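Open the model in your viewer and keep the selection box handy. This tour tells you what to pick next and what you will find there.

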Amino acid sequence: MDLLPLARPTEPAGGIAGWAAGLVEALGGPGAGLVIALENLFPPLPSELILPLTGFAAGQGVISLFSALFWTTLGSVAGAVVLYRIGVLVGRDRMYALWARLPLVRTSDLERTERWFARHGTKAVFFGRMVPVFRSLISVPAGLERMPMPVFLLLTTLGSLIWNSVLVLAGYALGDRWHLVESYVGLLSKAVLVLLVVALALCVRSRLRARAAAPSAGDEGANR
């Protein structure tokens, strides 16, 4: 079977879509799972392109719809477990040591983050699997905080299944227009990135102002 029908008509077969299509055709469902596992580890590989393409492949009879959903979800969980283990290996002690070397941050910031994760970690892992950018990142703090593995696996599986099902079924239903999913979800990804950059910029500005004001406050106290 020719690989080109699985790639976007305007995209060369050597692009990401062509590469993913090649793996799906060569390996079937496990190929789709492998691509999604790599997407978790390397976020520049966009799930909003790969998952609808997998749904389109299911619609073309290359793989079954059940296989598409099963293997992509398994791939999501496998990639998340690798990142979870990275968090475990880094550990809290190393994390605090690394944090202490970063400019414009305080140990209290990390402590507050830990307290927040202790209260809301389960919701963060579950819903984080459905938010672009955070889908991969959320597994690392779960490992750092040693979230019980059975709980992590359950939340990651459920969250990934929902996200994957929406995008795979969209590609399945849209057929040749599967790439429209990438366009809309891509806008969501860009919006999330913009919000992150704005939040980071505001945080840095706040810390710089606080640092600049600290010597002034000390001078005023000394003059009294």
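Helices (H or I, at least four residues) and strands (E, at least two) are DSSP runs, numbered from the N terminus. The model is predicted, so local features need pLDDT of at least 70, side-chain atom pairs count only at pLDDT 80 or more, and totals for chains, interfaces and linings use all residues. Residues are numbered from 1 along each chain as its sequence is written, and side-chain values use heavy atoms, with hydrogens and water left out.

**The whole chain**

Start with everything shown. The protein has nine helices and zero strands. From the N terminus on, the elements read α-α-α-α-α-α-α-α-α. Now colour by burial. Buried means under 20% relative accessible area, exposed over 50%, and partly exposed in between (1.4 Å probe, protein chains only). Of the 224 residues, 41% are buried. Next, contacts: the word means heavy atoms within 4.5 Å. Among contacts with a separation of 6 or more, 72% join residues 24 or more positions apart.

**Stop 1: L23**

Select L23, in helix α1 (residues 16-27). L23 is buried, with a relative accessible area of 18%. Beyond residues up to four places away in sequence, L23 touches G28, G31, L34 and V35. Measure to L34: the two C-alpha atoms are separated by 8.4 Å, and the residues are 11 apart along the chain.

**Stop 2: helix α2**

Select residues 29-41. How far apart are the end C-alpha atoms of α2? They are 19 Å apart. The expected span is 1.5 Å times one less than the number of residues. For the 13 residues of α2 that gives 18 Å, which agrees. Highlight the buried residues of α2: G29, G31, A32, G33, V35, I36, A37, E39 and N40.

**Stop 3: α2 against α3**

Add helix α3 (residues 47-59). Two packed helices are described by the angle between their axes and the distance between the axes. Axes are lines fitted to C-alpha atoms, for helices over the stretch in contact, and angles run from 0 to 180 degrees between N-to-C directions. Here the angle is about 170°, and the axes of α2 and α3 are 10 Å apart. Angles under 35 degrees count as roughly parallel, over 145 as roughly antiparallel, 65 to 115 as roughly perpendicular and the rest as oblique. So α2 and α3 are roughly antiparallel to each other.

Show the side chains at this contact. A32, V35, I36 and E39 come from α2, and they meet S47, I50, L51 and T54 of α3. An α-helix has 3.6 residues a turn, so residues three or four places apart point the same way.

**Stop 4: I63**

Move on to I63, in the loop between α3 and α4 (65-100). Is I63 buried or exposed? I63 is buried, with a relative accessible area of 9%. Leaving aside neighbours within four places in sequence, its contacts are V24, G28, G29, T54, A57, A58 and A68. The C-alpha atoms of I63 and V24 are separated by 8.0 Å, although these residues are 39 apart along the chain.

**Stop 5: annotated stretches and S160**

An unreviewed UniProt entry annotates residues 62-86, 151-172 and 184-204 as "transmembrane region". Residues 62-86 are 88% helix and 0% strand, with end C-alpha atoms 35 Å apart. Residues 151-172 are 100% helix and 0% strand, and there the end C-alpha atoms are 31 Å apart.

Finish on S160, in helix α8 (residues 149-174). S160 is buried, with a relative accessible area of 0%. Outside its neighbours within four places in sequence, S160 contacts T73, S76 and R129.

Definitions and conventions. UniProt positions renumbered as here; feature names shortened; annotations may be inferred.
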